[in-house]
Amino acid sequence: MNASPAGRAPTAGSRTPVGAAASSAGAGKSQQAYRWLRERIAGEEYAPGHRLVLGTIADELDMSVVPVREAIRRLEAEGLVTFERHVGARVSLIDDTQYRHSMETLAMLEGAATALAAPHLTAEHVTQARRVNRRLVEQLDDFDPRAFTSLNHRFHAVLFAACPNPRLLALVDAEWARLGHLRDSTFTFVPDRARESVREHEALLDLVASGASPADVERAARAHRSATLAAYLAREHPDEAPAPAGATSPER
């Protein structure tokens with residue numbers, strides 16, 4: 001199709017269909033509502049069990065309930081919101097089983113994303129990750145679990161962000177967000193695990209820097225995440241913690 005001459009108003013045939021424009025605007029409002037709600041859930045302004053009233057939220061955001069409903073459905077898919085009959089949407093209650101499942105899922109997803117990213121990581125990526133890990137080491141003597149967890153996320157993001165599979169990256173991000181809701185910081189429960197974690201970070205970086213195979217990188221990244229879960233279970237549920245016998249450490 002030829003472009004309209006400069007300065008001439010677009011013809012009816014060249015305009016964006018009203019339905020498409022409305023759909024695009026609706027998607028933008030849904031994303032706005034999603035981010036707004038997720039921030040309040042992650043920041044615990046909306047605590048577990050908090051009822052999410054569509055009309056009230058829509059009024060606060062100055063929009064209809066339609067994009068709010070769509071946003072809540074996305075949060076439900078991520079496990080951050082649950083629907084109860086005759087009650088409606090609520091912020092999901094914290095559940096150890098959900099936390100365990102989320103950690104197991106993240107171990108697999110993040111391991112795969114890091115492995116796929118490994119061939120694309122440059123020396124600058126490794127240097128950047130080492131800088132973040134040094135900051136984690138500095139945190140150990142004056143330990144703040146929340147700050148440590150934030151830096152820990154940044155460290156891993158440097159490694160998996162180069163993953164060429166955007167769908168996998170979206171799943172990893174969603175699982176990190178879910179974990180942030182289920183547990184403010186695992187290291188609150190197992191602060192001693194932090195020292196082991198930074199050592200495993202260095203071992204993982206050494207693997208990447210040496211050009212190790214993606215399979216080896218994936219095993220190390222997955223074992224690292226699984227070790228944090230095992231430490232938590234050993235502390236909170238010693239009868240259910242996986243037996244250490246036969247376990248393979250990611251470091252040698």
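I take two strands as paired if DSSP finds at least two bridges between them. Helices (H or I, at least four residues) and strands (E, at least two) are DSSP runs that I number from the N terminus.

**Set-up.** I am working on a predicted model, in which local features need pLDDT of at least 70 and side-chain atom pairs count only at pLDDT 80 or more, while totals for chains, interfaces and linings use all residues. I number residues from 1 along each chain as its sequence is written, and side-chain values use heavy atoms, with hydrogens and water left out.

**Overview.** I find 9 helices and 3 strands in the protein. From the N terminus on, I read the order of elements as α-β-α-α-β-β-α-α-α-α-α-α. I call a residue buried under 20% relative accessible area, exposed over 50% and partly exposed in between (1.4 Å probe, protein chains only). Of the 252 residues in the protein, 37% are buried. I count a contact when heavy atoms lie within 4.5 Å. Among contacts between residues at least 6 apart in sequence, 73% join residues at least 24 apart.

**Sheet.** I looked up the strand order and got E1-E3-E2, an open sheet of 3 strands with antiparallel pairing. E1 (51-52) and E2 (81-84) stand at the edges with a single partner strand each, so one side of each has no neighbour in the sheet. E1 pairs with E3 (residues 88-91) in the antiparallel sense over 2 bridges. In that pairing I note Arg90 of E3 as the bridge partner of Arg51, and Ala89 of E3 as the bridge partner of Leu52.

E2 and E3 also run antiparallel, joined by 4 bridges. Here Phe83 stands opposite Ala89 in E3. I record E2 and E3 as a hairpin with 3 residues between them, and His86 in the turn has a positive phi of about 65 degrees.

**Another positive phi.** I checked Asp62, which is not glycine and has a positive phi near 55 degrees. Most residues other than glycine have a negative phi. Asp62 is found in the loop between helix H2 (54-61) and H3. I enter Asp62 as exposed, at 67% relative accessibility.

**Helix H8 on helix H9.** I take axes as lines fitted to C-alpha atoms, for helices over the stretch in contact, with angles running from 0 to 180 degrees between N-to-C directions. H8 (residues 193-209) and H9 (residues 214-236) pack at about 175 degrees, and their axes are 10 Å apart. I class angles under 35 degrees as roughly parallel, over 145 as roughly antiparallel, 65 to 115 as roughly perpendicular and the rest as oblique. H8 and H9 are therefore roughly antiparallel to each other. From H8 the contact includes Leu204, Leu207 and Val208, and from H9 it includes Ala220, Ala227 and Ala231. I sort residues into nonpolar (Ala, Val, Leu, Ile, Met, Phe, Trp, Tyr, Cys and Pro), charged (Asp, Glu, Lys and Arg) and polar (the others, Gly among them). By class, I list 8 nonpolar, 4 polar and 3 charged residues in the contact of H8 with H9.

**Helix H4 on helix H6.** H4 (residues 96-117) and H6 (residues 145-160) pack at about 50 degrees, with axes 8 Å apart. I therefore enter H4 and H6 as oblique to each other. Glu110, Ala113, Thr114 and Ala117 of H4 make the contact with His156, Leu159 and Phe160 of H6. This contact of H4 with H6 has 4 nonpolar, 2 polar and 1 charged residues.

**Salt bridges.** I count a salt bridge when a side-chain nitrogen of Lys or Arg is within 4 Å of a carboxyl oxygen of Asp or Glu. My search of the whole structure finds 12 salt bridges. I looked at these:

- Glu202 and Arg130 meet at 2.5 Å, N to O. Glu202 lies in H8 and Arg130 in H5 (residues 123-139), so the pair ties together parts 72 residues apart in sequence. Glu202 is partly exposed at 27%. I also find Arg130, Glu202 and Asp206 linked in a network of salt bridges.
- Arg178 and Glu175 meet at 3.7 Å, N to O. They are 3 residues apart in H7 (residues 166-182), separated by about one helical turn. I enter both Arg178 and Glu175 as buried.
- Arg131 and Glu124 meet at 3.4 Å, N to O. Arg131 is partly exposed at 40% relative accessibility, and Glu124 is partly exposed at 46%.
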